[in-house]
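Okay, thanks everyone, I'll keep this short. Let me put the sequence and the structure up, and then I'll walk you through what I found.

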Amino acid sequence: MGILNPKSHHSIVRVIQTLLLSHKHIHLRWLEAHIGYLGNECADQLAKEAITKGDPFLLPKQLSYLKAEIKSAALSIWQDNWDNRETGRSTHDIVLCSI
């Protein structure tokens with residue numbers, strides 16, 4: 001569905017759209033899953049292998065996911081520093097006692 005969106009900002013979608021526009025002989029269509037189409041069965045198998053074997057054929061993560069992971073890691077580092085540093089210990093103790 002993302003490929004059909006002309007306003008998509010996702011880089012992979014934009015690349016696919018450009019390729020489809022320059023190769024008019026390629027047509028995409030939706031197929032019901034698991035009904036015996038050889039290409040669909042092959043794609044399912046490759047997807048399963050990529051998930052279970054940790055295939056080096058990695059898909060990039062969404063920017064929002066990466067931002068959330070970085071924020072979480074930074075907050076964890078900050079909290080560890082706040083809890084374990086000697087500097088600012090009296091402030092730390094006041095804040096914790098008032099909670």
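Before anything else, a word on the score: pLDDT is the predictor's confidence in each residue, on a scale from 0 to 100. We need that here, as what you're looking at is a predicted model. Going element by element, helix α1, residues 11-22, comes out with the highest mean pLDDT, at 90. At the other end is helix α4, residues 89-98, where the mean is 66, the lowest among the elements. For the protein as a whole the average is 78, and 78% of the residues score at least 70.

Now the overall layout. How many helices and how many strands are there? The tally is four helices and zero strands, so reading from the N terminus you get α-α-α-α. The chain has 99 residues, and 5% of them count as buried. As for contacts, take the ones with a separation of 6 or more: residues 24 or more positions apart account for 7% of those.

Let's zoom in on helix α1, and on Q17, which sits in it. Is Q17 buried or exposed? Its relative accessible area is 11%, and the cut-off for buried is under 20%, so Q17 is buried. Its side chain has polar partners, too. A polar atom of the Q17 side chain lies 2.8 Å from the backbone oxygen of N5, and the Q17 side chain also makes a polar contact with the side chain of R14, at 3.0 Å. If you skip the neighbours within four places in sequence, Q17 is in contact with G2, I3, N5 and P6.

Stepping back along the chain, have a look at S8, in the segment before α1. Relative accessibility there is 12%, so S8 counts as buried as well. A polar atom of the S8 side chain is 3.3 Å from the backbone nitrogen of H10. Which residues does S8 touch, not counting those up to four places away in sequence? They are G2, V13 and R14. So G2 turns up in the contacts of S8 and in those of Q17.

H10 brings me to a pair that is far apart in sequence. L63 is in helix α3, residues 63-84, and L63 and H10 are 53 residues apart along the chain. Their C-alpha atoms are separated by 9.6 Å. L63 itself has a relative accessible area of 58%, and exposed means over 50%, so L63 is exposed.

Last stop, the largest pocket. It holds about 350 Å³ of space. What lines it? There are 13 lining residues, and the ones nearest the centre are M1, G2, I3, L4 and L28. By class, the lining has 10 nonpolar residues, two polar and one charged. Notice G2 and I3 in that list: they are also among the contacts of Q17.

That's what I have, so over to you for questions.

Key
Residues numbered from 1 in each chain as written. Predicted model: local features only at pLDDT ≥ 70, side-chain atom pairs only at ≥ 80, totals over all residues. Heavy atoms only, no water. 1 Å grid on protein atoms, 1.4 Å probe; cavity = no way out; pocket = protein on both sides within 12 Å on 5 of 7 lines; lining within 4 Å. Points joined across faces, edges and corners; volume = space filled by probe spheres on them. Nonpolar A, V, L, I, M, F, W, Y, C, P; charged D, E, K, R; others polar. Helix = DSSP H or I, 4+ residues; strand = E, 2+ residues; numbered from the N terminus. Buried < 20%, exposed > 50% of the residue type's maximum accessible area, 1.4 Å probe, protein only. Polar contact = N/O pair within 3.5 Å; in protein donor to acceptor, adjacent residues only side chain to side chain. Contact = heavy atoms within 4.5 Å.
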